[in-house]
Structure formats: C-alpha cells, structure tokens
Amino acid sequence: MMNQYALVTGADHGVGFCLVADLLERGYFVFAGRINPEEKLLEQLKEKFPDRLEIILLDIGSDDSVAEMKRIVSEKVPYINLLINNAGILGDISKSIYDELDFEEMQQVLNVNALGTLRVTNALAALVMKSNQKLIVNISSEAGSIGQCEREGWFAYCMSKAANNMQSALVHNKIRKEGGKVVIIHPGHVATYMRGHLDRDAKITPEESAAAILKLVLDKELPVTEKPLYLDYQGEPLVW
Ligand SMILES: NC(=O)c1ccc[n+]([C@@H]2O[C@H](COP(=O)([O-])OP(=O)(O)OC[C@H]3O[C@@H](n4cnc5c(N)ncnc54)[C@H](OP(=O)(O)O)[C@@H]3O)[C@@H](O)[C@H]2O)c1
C-alpha cells in the first residue's frame with residue numbers, strides 16, 4: 001500500500017493530540033503541528049512511533065511559520081492525504097454588546113481560527129490534491145452556525161468559526177471539481193483546557209471526540225456534496 005500522510009494543527013494536547021495518536025495507530029505518517037515546545041505529550045508519542053511522527057513548530061497565525069512548515073513538509077513527502085485544521089483559540093466569552101469589547105484580542109482570534117485555517121490550507125492544498133484521498137477536515141464548531149445562534153456574546157469565537165465555515169465552502173467549491181473534499185466538523189463539547197482550565201461541564205473526552213471524528217471521515221465513504229458537509233462528531237448535520 002502507498003504511504004498515507006496526514007497533517008494535524010494544534011496537536012500539543014486536546015482533540016488535536018488525540019487525532020495524531022489515532023492516526024498513528026491507523027498507520028499514517030503524521031506531521032503534528034505544535035505551538036508550545038514545553039509540552040511533552042507529542043515527545044512521548046514519538047518514542048512509540050519514531051519513524052512515523054514528525055513534530056513541527058507551527059503557529060497558524062503567522063505567515064512565516066506556515067511558510068516554514070510548508071518547506072519542511074514539501075521536502076519530505078510528495079503528497080498529503082489528509083489535512084486536519086484543528087488549532088483554535090477561544091478568546092473572551094463573558095462580554096455582551098453593552099461591555100467594552102477588546103478588538104485587538106478579537107483580531108487575534110479571527111487571525112487564528114479563520115485566517116489561520118485558510119493560511120494552512122493555502123500552503124498545503126496543492127499537496128493534498130496530489131494524493132488519492134484529497135481530504136481536508138476543518139474542526140470548526142456549532143458556535144459557527146448562524147442559523148442556530150443563541151449566544152449573546154463569544155463574539156470573536158463565533159464570528160471566526162462562521163468565517164471558517166465560509167472559507168471551507170470556498171475551498172470546497174474549487175477542489176470538489178478535481179475530486180477533493182472539505183468536511184467541517186463540530187467536535188462536540190469536549191473536556192479540554194480551551195477555557196484555561198479543564199472544562200468539567202464537557203460531555204466527552206478528547207479521546208472519544210477524536211475517535212468519533214476519524215471514524216466519520218475515514219471509515220465510510222463520505223458522499224460527494226455541493227457544499228461541504230457540516231457535521232457534529234456523531235455525523236449529525238448542523239445548520240449553516
Ligand atoms: N473543546 C470544545 O468543547 C470544542 C467545541 C467546539 C469546537 N472546538 C474546536 O476544537 C478544536 C480543538 O480544541 P480543543 O478543545 O482540543 O482545545 P485545546 O486543547 O485548547 O487545543 C487547541 C490547540 O491549538 C493550539 N493553538 C492555539 N493557537 C494556535 C496557533 N496560533 N497556531 C497553532 N496552534 C495553536 C493550542 O495551543 P495552546 O493551548 O498552547 O494555546 C492547543 O494546543 C479547536 O478548533 C476548537 O475551537 C472545541
């Protein structure tokens with residue numbers, strides 16, 4: 001069988017780390033984008049999979065960092081089967097329209113969640129389209145749904161995920177004509193440290209979320225659709 005190559009962003013911990021671990025178990029060669037070299041989980045995984053895990057320093061908010069990642073990946077492999085844009089940040093979730101909003105922080109959230117995902121896809125789309133799988137998975141959120149929006153705040157996060165969904169549609173429109181696909185996934189309410197502390201109200205663990213996501217996008221043939229599929233981790237469609 002031909003080698004299968006995947007790249008996952010935001011892989012130091014949380015859903016991204018579990019996606020990397022699962023993909024390695026499934027036999028993929030995985031590039032794991034990491035932002036914090038102080039974290040140790042990926043290094044521990046590297047001991048188990050020394051030949052199939054490459055850890056790359058990657059800040060998806062930075063043009064230079066993404067360009068460097070592209071250089072490393074392009075020198076190493078001829079194609080990428082699966083790109084998972086997972087990295088994301090939350091920003092403020094406490095303020096409403098009557099509060100003083102921090103627009104600089106909001107720009108940072110938009111730069112990472114919306115533009116960062118596009119930045120990485122822009123760097124790797126040609127490599128993805130050289131593979132037989134041609135699959136891009138964008139980890140978005142139910143928070144990006146305009147149709148079912150009930151929050152009164154979380155401005156940057158919700159806006160960035162809605163924009164992430166839009167860029168997914170634009171990319172999908174282009175690559176589906178060449179056999180490619182973008183799938184947008186809401187990973188569930190996952191017990192990670194996105195809020196700065198372990199989210200104890202969460203419904204599922206990152207291990208469960210990652211396993212369900214990969215089952216969904218890899219284990220059965222996804223239908224070819226005009227718009228990207230926008231699904232939760234259990235395969236339930238979300239309102240755009
Ligand atoms: N947890 C949930 O309930 C939930 C719900 C809906 C959607 N999501 C989405 O699921 C994805 C994974 O989130 P998670 O829950 O696993 O949270 P997480 O544990 O915080 O994971 C996100 C990862 O992205 C990294 N990251 C932050 N900024 C980055 C940048 N500029 N470049 C590259 N990496 C960066 C984070 O690093 P640092 O921690 O060092 O900043 C972290 O390793 C995110 O896109 C999130 O929006 C999560």
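## Overall form of the chain

With 240 residues, a compact globule would be expected to have a radius of gyration near 18 Å, and because the chain has a value of 17 Å, the two agree. The model discussed here is predicted, and this should be kept in mind while reading what follows. Along its principal axes, the C-alpha trace of the chain spans about 55 × 40 × 35 Å, and 42% of the 240 residues count as buried. Among the contacts in the chain with a separation of 6 or more, 68% are made by residues that stand 24 or more positions apart.

The secondary structure comes to six helices and seven strands, and, read from the N terminus on, the elements follow the pattern β-α-β-α-β-α-β-α-β-α-β-α-β.

## The sheet

How are the seven strands ordered in the sheet? They form an open sheet in the order 3-2-1-4-5-6-7, and the pairing is parallel. The edges are formed by strand 3 (53-57) and strand 7 (229-232), each of which pairs on one side only. From one strand to the next, the twist averages 20°.

Two of the pairings can be followed in detail. Strand 1 and strand 2 pair in the parallel sense over four bridges, and within this pairing Val8 stands opposite Ala32 in strand 2. Strand 5 (residues 135-139) and strand 6 (residues 181-186) also run parallel and are joined by five bridges, with Ile185 in strand 6 as the bridge partner of Ile139.

In a regular strand the side chains alternate between the two faces of the sheet. In strand 1 (residues 5-8), Tyr5 and Leu7 point one way while Ala6 and Val8 point the other way, and all of them are buried.

## Two buried residues

One residue from a strand and one from a helix can be set side by side. Ala32 lies in strand 2 (residues 29-34), whereas Ile213 belongs to helix 6 (residues 206-218). Is Ala32 buried or exposed? Ala32 counts as buried because it has 27 C-beta neighbours inside 10 Å, where 20 or more are needed. Ile213, with 28 C-beta neighbours inside 10 Å, therefore counts as buried as well.

Leaving aside residues up to four places away in sequence, Ala32 touches Val8, Ala11, Val20, Leu42, Leu53, Ile55 and Ile56. Val8, which stands opposite Ala32, is thus one of these contacts. Under the condition that residues up to four places away in sequence are not counted, Ile213 touches Leu19, Ile185, Pro187 and Tyr233; Ile185 is the residue already named as the bridge partner of Ile139.

The table gives, for each of these two residues, one residue elsewhere in the chain, with the separation in sequence and in space.

| Pair | Separation in sequence | C-alpha to C-alpha distance |
|---|---|---|
| Ala32 and His172 | 140 residues | 23 Å |
| Ile213 and Asp63 | 150 residues | 28 Å |

## Around the ligand

Which residues come nearest to the ligand? Of the 31 residues around the ligand, these are Gly10, Gly14, Ala87, Gly88 and Thr192. By character, the residues of this shell divide into 14 nonpolar, 15 polar and two charged. Helix 1 (14-25) and helix 4 (103-129) each supply at least two residues of the shell, and the largest share, three residues, comes from helix 1.

Conventions. Residues are numbered from 1 along each chain as its sequence is written. This is a predicted model: local features need pLDDT of at least 70, side-chain atom pairs count only at pLDDT 80 or more; totals for chains, interfaces and linings use all residues. Two strands pair if DSSP finds at least two bridges between them. Axes are lines fitted to C-alpha atoms, for helices over the stretch in contact, and angles run from 0 to 180 degrees between N-to-C directions. A residue is near a molecule or strand if its C-beta atom, placed from the backbone, lies within 6 Å of it. Ala, Val, Leu, Ile, Met, Phe, Trp, Tyr, Cys and Pro count as nonpolar, Asp, Glu, Lys and Arg as charged, and the others, Gly among them, as polar. The radius of gyration is taken over C-alpha atoms; the globule rule is 2.2 Å times the number of residues to the power 0.38. A residue is buried if 20 or more other C-beta atoms lie within 10 Å of its own, exposed if 12 or fewer, and partly exposed in between; C-beta atoms are placed from the backbone. Two residues are in contact if their C-beta atoms, placed from the backbone, lie within 7 Å.
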